[in-house]
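Trainee: Could we go through this model together, beginning with the vocabulary?
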Amino acid sequence: MSEATYYHRLKHQGEPRVYNGGRPKPGYSLCNNGKPVSDEQMKEWLLEAIAGDEASYGYRKLTVYLR
């Protein structure tokens with residue numbers, strides 16, 4: 001254990017850890033123009049894009065497609 005970690009833990013020994021829970025799922029995203037688009041609509045667009053294609057799509061290609 002590094003010296004800095006040892007003394008940090010020694011200093012903050014009795015303090016409880018705080019968990020904020022992360023970012024909530026809002027159910028929509030924003031377009032380039034700022035209008036909200038529902039997650040269901042985005043899911044439909046993605047399914048249409050990959051329907052019938054033999055090519056593989058990863059998250060990077062699908063992100064570029066949505067943009």
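Mentor: Helices (H or I, at least four residues) and strands (E, at least two) are DSSP runs, numbered from the N terminus. In that numbering, isoleucine 50 is found in helix α2.

Trainee: Before that, what should I know about the source?
Mentor: This is a predicted model, in which local features need pLDDT of at least 70 and side-chain atom pairs count only at pLDDT 80 or more, while totals for chains, interfaces and linings use all residues. Residues are numbered from 1 along each chain as its sequence is written, and side-chain values use heavy atoms, with hydrogens and water left out.

Trainee: What is the mean pLDDT of the protein?
Mentor: The mean is 85, and 99% of the residues reach 70 or more, where pLDDT is the predictor's confidence in each residue, from 0 to 100. Among the elements, helix α1 (residues 3-11) has the highest mean, 91, and β1 the lowest, 85.

Trainee: Back to isoleucine 50: how far is it from leucine 62 in space?
Mentor: The C-alpha atoms of isoleucine 50 and leucine 62 are 9.0 Å apart, with the two positions 12 residues apart in sequence terms. Isoleucine 50 has a relative accessible area of 35%, so it is partly exposed (buried is under 20%, exposed over 50%, partly exposed in between, with a 1.4 Å probe and protein chains only).

Trainee: And what about the span of α2?
Mentor: Its 12 residues should span 16 Å at 1.5 Å a residue, and the end C-alpha atoms are 17 Å apart, which agrees; the expected span is 1.5 Å times one less than the number of residues. Just after α2, glycine 52 takes a positive phi of about 80 degrees.

Trainee: New topic, then: where is cysteine 31?
Mentor: Cysteine 31 sits in the loop between β1 and β2 (36-38), and at 35% relative accessibility it counts as partly exposed. Its C-alpha is 15 Å from that of leucine 62, although the two are 31 residues apart in sequence.

Trainee: Last one, how many aromatic pairs are there?
Mentor: The structure holds one aromatic pair. Tyrosine 6 and tyrosine 7 form it, edge-to-face, at 5.1 Å centre to centre and with 80 degrees between the planes. Rings of Phe, Tyr and Trp (its six-membered ring) pair if their centres lie within 6.5 Å, and planes under 30 degrees apart count as stacked, over 60 as edge-to-face and the rest as tilted.

Trainee: Are those two tyrosines buried or exposed?
Mentor: Tyrosine 6 is partly exposed, at 43% relative accessible area, and tyrosine 7 is also partly exposed, at 48%.
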